[in-house]
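Subject: Structure for you to look through

Hello,

Here is the structure I promised to pass on, and below it you will find my notes on what turned up. Please keep the sequence and the 3D view open while you read.

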Amino acid sequence: MSVLFFLLAAGRPLVRDASDAWERRRGKDSDMANRTPLWSVHQASGAVMAEFAGWDMPIRYGDIQQEHRAVRTAAGLFDVSHMGELRLTGPGALAFAESLVTNKVPDPALHRATYSPMCHPNGGTVDDLFI
């Protein structure tokens with residue numbers, strides 16, 4: 001059994017993918033910021049890009065007031081592919097995952113996700129997660 005956490009506010013991945021796919025996300029120069037799989041889409045859409053926690057991320061698209069109105073009246077998309085991932089494996093993975101969050105963790109075999117806060121044992125939110 002394996003449970004995959006996407007840590008939404010982590011800024012940098014907790015575990016880096018050792019595969020070639022990880023290297024393809026980076027620029028050719030090792031000093032360049034990491035690039036998400038949507039980097040070329042952001043570029044083609046006219047995003048103003050800036051480095052954020054080691055990633056080349058969109059800051060805004062054109063006029064900020066126009067973007068604000070578009071998101072408030074239609075929809076917005078936030079590229080979370082730069083956020084951290086943590087995979088829990090083994091016979092106790094599901095029970096351990098459920099001990100960390102407030103919502104029921106879906107059975108990984110169902111290929112579903114849930115959004116949940118992760119709380120401190122004495123209350124208060126540590127972070128928000130997709131599981």
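Counting aromatic pairs in this predicted model gives one aromatic pair. The two rings belong to Tyr115 and Phe130, whose centres are 5.2 Å apart and whose planes meet at 55°, so the pair is classed as tilted, an angle over 60 degrees being needed for edge-to-face. Because Tyr115 lies in strand β5 (residues 115-119) and Phe130 in strand β6 (residues 125-130), the pair ties together parts that are 15 residues apart in sequence. As for how far the two residues are covered, Tyr115 is partly exposed, with a relative accessible area of 43%, and Phe130 is likewise partly exposed, at 36% relative accessibility.

Another ring to find in the 3D view is that of Trp39, where Arg35 lies over the face of the ring, at 3.9 Å from its centre.

Turning to charged side chains, the count of salt bridges comes to one, and the partners are Glu98 and Lys104, whose side chains meet with a distance of 3.7 Å from N to O. That distance qualifies because the rule asks for a nitrogen within 4 Å of a carboxyl oxygen. Glu98 is partly exposed, with a relative accessible area of 29%, whereas Lys104, with 67%, is exposed.

Which residues form a nonpolar patch on the surface? They are Leu38, Val41 and Leu77, which together have about 300 Å² of accessible area. Leu77 sits in the loop that runs between α3 (64-73) and β4 (84-89), and it counts as exposed because its relative accessibility of 78% is over the 50% that the term requires.

Finally, some notes on the chain as a whole may help you to place these details. The protein chain has four helices and six strands, and reading along the sequence you will meet them in the pattern β-α-α-β-β-α-β-α-β-β. Of its 131 residues, 26% are buried, while the accessible surface comes to about 8,800 Å², with 56% of that surface belonging to carbon and sulfur atoms. If you consider the contacts in the chain with a separation of 6 or more, you will find that 47% of them are accounted for by residues 24 or more positions apart.

Best wishes

How values were computed. Residues numbered from 1 in each chain as written. Predicted model: local features only at pLDDT ≥ 70, side-chain atom pairs only at ≥ 80, totals over all residues. Heavy atoms only, no water. Patch = residues over 30% accessible without salt bridge, like charges linked within 9 Å, V, L, I, M, F, W, Y side chains within 5 Å. Areas by Shrake-Rupley, 256 points an atom, 1.4 Å probe, with all protein chains shown as cover. Helix = DSSP H or I, 4+ residues; strand = E, 2+ residues; numbered from the N terminus. Buried < 20%, exposed > 50% of the residue type's maximum accessible area, 1.4 Å probe, protein only. Contact = heavy atoms within 4.5 Å. Phe/Tyr/Trp six-rings, centres within 6.5 Å; stacked < 30°, edge-to-face > 60°. Lys NZ or Arg CZ within 6 Å of the ring centre and 35° of its normal.
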